[in-house]
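Open the model in your viewer and keep the sequence panel beside it. This tour moves from the whole chain to helix pairs, then to single residues.

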Amino acid sequence: MRNLSGDHTVEFVLVDFPTSPPLQLLLFALFLVIFLLTLLENALIVSTIWLTPSLHRPMFFFLGHLSLLELWYINVTVPRLLGAFLTQEHRVSYVGCMTQLYFFIALACTECVLLAVMAYDRYLAICEPLRYPSLMPFSMATRLAASSWGSGFFSSMMKLLFISRLSYCGSNIINHFFCDISPLLNLTCSNKEQAELVDFLLALVMILLPLMAVVSSYATIIATILRIPTAQGHHKAFSTCASHMAVVVIYYSSTLFTYARPRAIYTFNHNKVISVLYTVIVPFLNPAIYCLRNKEVKDALRKTVLGRCPCSRDIPD
């Protein structure tokens, strides 16, 4: 649909997954279950950290922000994914598309920076344990968390500033289940070189630099772990680091593949699959890997869930 002058697109058509109806219903049911479980686990973690004074420490403060971010993130993206399995296409206004794009980019960039902050926090705790309280007081943790959110939303605003100035006067069909940068750049009839350059540079700053910080932090952590004399200490530390790195690799590699690769190799259907990784799978895995493997969080979560249940007294520790 175009405006009365016939020059500019005022509405986009999102093309959903081209699969058979039985498979669409199966995928819808699968992702609905994942969506509900992700909502439940992240909501429980946020409330548990908030209600448990012993968890009011920088490490758990960051974990609470991560779960809060995941709650917002999946509510922005997953309902649109679920709708993609029920309809062949979905129409969204120009303003709605830009709004969706803004929050999606902001939350994705915020998570990249927040994961780097969490890796830095673990580096200080493991490699500088005696100086950790002075290097990471709660005031510093608050500033780092605020900087993560602020940098993510500022980066998104800068990207959207250039993308929203483009004109869309040709096809209005987006072969994706939500409004994303690359499909929009492919539809514009304006000169998009400046917007592509800004998008590429900000993607490198907001994704590649935090990734380098994560890798360097965990490399130092692993080097410190290797100096632990006991095999049990090795196993426990490596198990924690490996699980954290698994999420980091999945999230950063999928976002780098989407936002920092040459447009010439852009493949729509592959991009849909990659998008599912960081919009559905990573938010589902993060609470289990970062929080539910932590004994303090598990104990506090058990008290939060079972503490109000009359039968909880009969459940042994």
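**Whole chain**

Start with everything shown. Residues 24 or more positions apart make up 81% of the chain's contacts with a separation of 6 or more. Keep in mind that this is a predicted model. Colour by secondary structure next. You should find 10 helices and three strands. Walk along the sequence and the order reads β-α-α-β-α-α-α-β-α-α-α-α-α. Now colour by accessibility. Of the 317 residues, 48% count as buried.

**Spans from the record**

Select residues 25-52, 59-81, 101-120, 200-225, 237-253 and 273-292. An unreviewed UniProt entry lists these under "transmembrane region". Two of these spans are worth a closer look.

- Residues 25-52: the span is 96% helix and 0% strand, with its end C-alpha atoms 40 Å apart.
- Residues 59-81: here the model has 100% helix and 0% strand, and 32 Å separates the end C-alpha atoms.

**H2 against H3**

Select residues 58-84, which form helix H2, and residues 94-127, which form helix H3. Their axes come within 10 Å. How do the two helices run relative to each other? The axes cross at roughly 155°. Angles over 145 degrees count as roughly antiparallel, so H2 and H3 are roughly antiparallel to each other. Their crossing is left-handed. Colour this contact by residue type. The residues of the H2 contact with H3 divide into 17 nonpolar, four polar and five charged.

**H3 against H5**

Keep H3 and add residues 138-163, helix H5. The H3 and H5 axes are 7 Å apart, and the packing angle is about 145°. H3 passes H5 in a right-handed crossing. Show side chains on both helices. From H3, the contact includes Met98, Leu101, Tyr102, Phe103 and Val117. From H5, Leu144, Trp149, Phe153, Lys159 and Ile163 are among the residues taking part. What types of residue make up the contact of H3 with H5? They divide into 17 nonpolar, six polar and one charged.

**Val78**

Go back to H2 and pick Val78, which is found in that helix. Is Val78 buried or exposed? Its relative accessibility is 2%, so Val78 counts as buried. Now show what touches Val78, leaving aside neighbours within four places in sequence. The contacts are Phe35, Thr279 and Val280. Draw a distance from Val78 to Phe35. Their C-alpha atoms are separated by 7.0 Å, though the two residues are 43 apart along the chain.

**Arg122 and Tyr123**

Return to H3 and select Arg122, which has its place in that helix. Arg122 has a relative accessible area of 18%. The cut-off for buried is under 20%, so Arg122 is buried. Not counting residues up to four places away in sequence, Arg122 touches Met59, Tyr132 and Ile221.

Step along to Tyr123, also placed in helix H3. Tyr123 counts as partly exposed, at 22% relative accessibility. Which residues does Tyr123 touch, not counting those up to four places away in sequence? They are Glu128, Ser217, Thr220 and Ile221. Ile221 is therefore a stop for both selections: Arg122 touches Ile221, and Tyr123 touches Ile221. Finish with a distance from Tyr123 to Ile222. The pair is 99 residues apart in sequence and 9.6 Å apart in space, C-alpha to C-alpha.

Terms used: Residues numbered from 1 in each chain as written. Predicted model: local features only at pLDDT ≥ 70, side-chain atom pairs only at ≥ 80, totals over all residues. Heavy atoms only, no water. Axes fitted to C-alpha atoms, helices over the stretch in contact; angles between N-to-C directions. Helix = DSSP H or I, 4+ residues; strand = E, 2+ residues; numbered from the N terminus. Parallel < 35°, antiparallel > 145°, perpendicular 65-115°, else oblique. Left-handed = near helix turned anticlockwise from the far one by under 90°. Nonpolar A, V, L, I, M, F, W, Y, C, P; charged D, E, K, R; others polar. UniProt positions renumbered as here; feature names shortened; annotations may be inferred. Buried < 20%, exposed > 50% of the residue type's maximum accessible area, 1.4 Å probe, protein only. Contact = heavy atoms within 4.5 Å.
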